[in-house]
Amino acid sequence: MTIYNILPVLPQGGTIIEIGAHNGDDTKRLSNLIKPDKFLVFEPDPRNYPQIEEKDLRITLIKKAVSNETGYAKLWMSGGKPPGMNHEHTASTSILNPSGHIKKHPDYNFDKIETCEVTTL
């Protein structure tokens, strides 16, 4: 099940909180379909900020990861170029250890670890 399965029952307006916006494609779709009064978007990977910001959406972009505590955490930066992809994979960056993800997607890597700010909801 995805968010798109429940769209018909979601009211217009209100507040949306998106955790992990990647490049903002889903952000744009949700914004156009639901037209939220307030849209809070969390994205910790700085490589994705330009793509989100160029969409010129009415959102509040919060450049942090969401966790169960505030402070700083390791950020596992996703990378790699799977067959057929012409750009670096940035969709799987996470503060969680990506061990299972690597098994499922062996063309991706997490060779780079940075530190990011984390916050709670």
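From the N terminus on, the elements of the protein chain follow the order α-β-α-β-α-β-β-β-α-β. That makes four helices and six strands. The model is a predicted one. With a radius of gyration of 15 Å, close to the 14 Å that the globule rule gives for 121 residues, the chain is as compact as a globular protein of that length.

**Overall dimensions and surface**

- The C-alpha trace of the protein chain spans about 40 × 35 × 30 Å along its principal axes.
- Of the 121 residues in the protein chain, 34% are buried.
- The accessible surface of the protein chain is about 7700 Å², and carbon and sulfur atoms account for 51% of that surface.
- Contacts between residues at least 6 apart in sequence include a share of 51% that join residues at least 24 apart.
- The side chains of the protein chain include 14 positive and 15 negative ones, and the centres of these two sets are 2 Å apart.

**The pair β1 and β2**

- Strand β1 covers residues 15-19, and strand β2 covers residues 38-42.
- These two strands, β1 and β2, run parallel and are joined by five bridges.
- One residue of β1, Ile 16, has Phe 39 in β2 as its bridge partner.
- In a regular strand, side chains alternate between the two faces of the sheet.
- Strand β1 shows this alternation: Ile 16 and Glu 18 point to one face and are buried.
- Thr 15, Ile 17 and Ile 19 point to the other face of β1 and are not buried.

**The open sheet of β4, β6 and β5**

- Three strands form an open sheet in the order β4-β6-β5, with mixed pairing.
- At the edges stand β4 (65-66) and β5 (71-79), each with a single partner strand, so one side of each has no neighbour in the sheet.
- Strands β4 and β6 run parallel and are joined by two bridges.
- Within this parallel pairing, Ala 65 stands opposite Val 118 in β6.
- Strands β5 and β6 run antiparallel, and eight bridges join them.
- Within this antiparallel pairing, Gly 79 stands opposite Asn 109 in β6.

**Gly 14, ahead of β1**

- Gly 14 lies in the loop between α1 (3-6) and β1.
- The relative accessible area of Gly 14 is 34%, so this residue counts as partly exposed, a class that lies between under 20% for buried and over 50% for exposed.
- Gly 14 and Pro 36 are 22 residues apart along the chain, yet their C-alpha atoms are separated by 5.1 Å.
- Leaving aside residues up to four places away in sequence, Gly 14 touches Pro 36, Asp 37 and Lys 38.
- One of these, Lys 38, belongs to β2 (residues 38-42), the strand that is bridged to β1.

**Leu 121, after β6**

- Leu 121 is found in the segment after β6 (109-119).
- Leu 121 counts as exposed because its relative accessibility is 66%, where exposed means over 50%.
- Leaving aside residues up to four places away in sequence, Leu 121 touches Ile 17, Ile 19, Phe 42 and Val 66.
- Among these contacts, Ile 17 and Ile 19 are on the face of β1 whose side chains are not buried.
- Pro 98 is 23 residues from Leu 121 along the chain, and the C-alpha atoms of the two are separated by 23 Å.

Methods:
Residues numbered from 1 in each chain as written. Predicted model: local features only at pLDDT ≥ 70, side-chain atom pairs only at ≥ 80, totals over all residues. Heavy atoms only, no water. Rg over C-alpha atoms; globule rule 2.2 N^0.38 Å. Buried < 20%, exposed > 50% of the residue type's maximum accessible area, 1.4 Å probe, protein only. Contact = heavy atoms within 4.5 Å. Areas by Shrake-Rupley, 256 points an atom, 1.4 Å probe, with all protein chains shown as cover. Lys, Arg positive; Asp, Glu negative; His and termini not counted. Charge placed at Lys NZ, Arg CZ, Asp CG, Glu CD. Pairing = 2+ DSSP bridges.
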